Each structure stands twice: as structure tokens, then as C-alpha cells.
Amino acid sequence: MAGKRQFTIFSTREGIDVIESPVKSIILSELRKGQRDFQEIVKLTGKSKSTVSKHLTDLRGAGLILERTDPRDRRKKVFKLNSRYLGKLTRKPPGDMDEEKTEFLAEHITSRGDPFEFFRLMFHVLRVELIKEGINLDPLLHETGLRIGEVIYPMIEADEPGELLENLKRFWEINHLGRLEVEGTDPPVLRAYDCFECGLLPDIGESACALDSGIIEAVFRRYFNSDVIVDETECYARGDERCSFRIVRKD
């Protein structure tokens, strides 16, 4: 889209770095998946060795990445991430977002008389305004969800996946996060209705349940005692009539 620019945001011990260079963003994105050697980075970026070397030097100087000698081949250099991914910032031309949605939320935020509804609407007004400005904080929301999932797991722990899912359903309902339905246990599949996180968001064309996904990921990571992938196959923010999560063990 004309006029659209995207930046990635990382944090180090020294502060926040906004990455404008597409090449640097690609390098950092790949290093989020794991360490890479120089030749791999050249291949992934499709840039010349001299260009990649310059970007790596800049990133290392900013404290965003670390460089070390490959223990398997001392002739090679290996790079890894030394920063935390916070999100992305996308500058879009005015009018890309549905401003009527924000106006609707603002009109109703003081008319419900329900403290829970007030904070729910306030949360959505904040998210919509951030999205309108092109600010995506999903990584931080996901990290928050992971922490919540770790905390609640002892409260809902179970021996069987079906029992764990039922306990998770009750937690969702008690805390007004929405209504969960279990569609399967092998692999576990959850359908979410009246989603607290994204139910009032406009159709932004992509999934928006980073907090929920983080909670579910942490719970099933503890249950399976291994890493899991939470695939959000449906979402209100994509125009679907519900949110759906499929949980698969990485191994």
C-alpha cells in the first residue's frame, strides 16, 4: 500500500530501539528463531556480503545482537539475538482504520454502569487507538499471557486433557474472558465466543488474541512438559464469528 511504512521495536538494557531498515528487521526476525551464521544470514536476506556485514556491525554496536565463534568451525561467526522483541509500528495513510468503531466505544464507555464493562471498553479503545497509529504490541500481550498461564496452571492442573480443558473453561468464564467450547482433545481445540480480548475490535484482517494465546500456550506447555504451538485459526478481528485455538506439541 502506498505510503505504508513498517518498523520493528526491540529493547536492550540500554533502552528502546526502533528499527527502520527492512534488512535489519529481517536479520532480527530470523535471529528470534535461533542463532544463524553469516552465510545463512546472507542467504536469508538476499543481500551482498558487504551489505549484510555492515548491518550486522550496526546491530552489534547497538547491543541488539551478539557475535561469537562457531565451536564446530572456528572459521565461522555465529550471531544470536541480545534484545527483546516488543512489537511493530506500521505507519498507514489516514482513513485505513474504521474510526466509527472507536467513536462507538467512546460513546458507550460511561453508559453501562458496570465496572467490568468500563474496563473492557477502555481496554478496547486503547487497542483500537494503538492499531490506528500502526502500533502492534502483540509480543508484549503474548508475554503477559505466558506469565498469567504459568500462575494459573497449578489452580487448573489435571491428569487428563479433557479435565484440563474443562478447568480452563471455568477459569475463562469466572474471569469474564468469554465462553470456551471444547471441540477436540487430540489435538486440543478450543472455540472462544464473546472474546474479551478482541470481540469489540474492528476487522483488522489478522488474529488479535495474543494474550489468550499466551495463556493457553503456557498452560499446555506445563501440561505436556514440552513446547507447544497455539494456532489461532479463527478470530473476531479477522471477521470470523468466533476465535479458535488449536494446540499442537512441537515434538
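Okay, quick definition before I start: when I give an angle between a helix and a strand, the axes are lines fitted to C-alpha atoms, and the angle is taken between N-to-C directions, from 0 to 180 degrees. And keep in mind that this is a predicted model.

So, helix α3, residues 49-61, lies across β4 and β5, and runs at about 110 degrees to β4. What sheet do those strands sit in? An open one with three strands, in the order β3-β5-β4, with antiparallel pairing. β3 (36-37) and β4 (65-69) are at the edges with a single partner strand each, so one side of each has no neighbour in the sheet. Now, β4 and β5, residues 77-81, run antiparallel and are joined by five bridges. For one of the pairs, look at threonine 69: its bridge partner in β5 is lysine 77. Helix α1, residues 22-33, packs on this sheet too, touching β3, β4 and β5, with its direction at about 85 degrees to that of β5.

Okay, on to the cores. Which residues touch the most other members in the largest nonpolar core? Out of 39 residues, they are Leu168, Cys198, Ile216, Val219, Phe220 and Cys243. Elements giving two or more residues to this core include α5 (115-132), α7 (161-174) and β11 (243-249). The largest share is from α8, with eight residues. Take isoleucine 216: ignoring neighbours within four places in sequence, its contacts are Leu168, Trp172, Leu190, Val230, Phe245 and Ile247.

Last bit: there's a second, separate core of 16 residues, and among them are Phe10, Leu31, Leu64 and Phe79.

Definitions and conventions: Residues numbered from 1 in each chain as written. Predicted model: local features only at pLDDT ≥ 70, side-chain atom pairs only at ≥ 80, totals over all residues. Heavy atoms only, no water. Pairing = 2+ DSSP bridges. Helix = DSSP H or I, 4+ residues; strand = E, 2+ residues; numbered from the N terminus. Contact = heavy atoms within 4.5 Å. Core = buried A, V, L, I, M, F, W, Y, C linked by side-chain atoms within 4.5 Å. Buried < 20%, exposed > 50% of the residue type's maximum accessible area, 1.4 Å probe, protein only.
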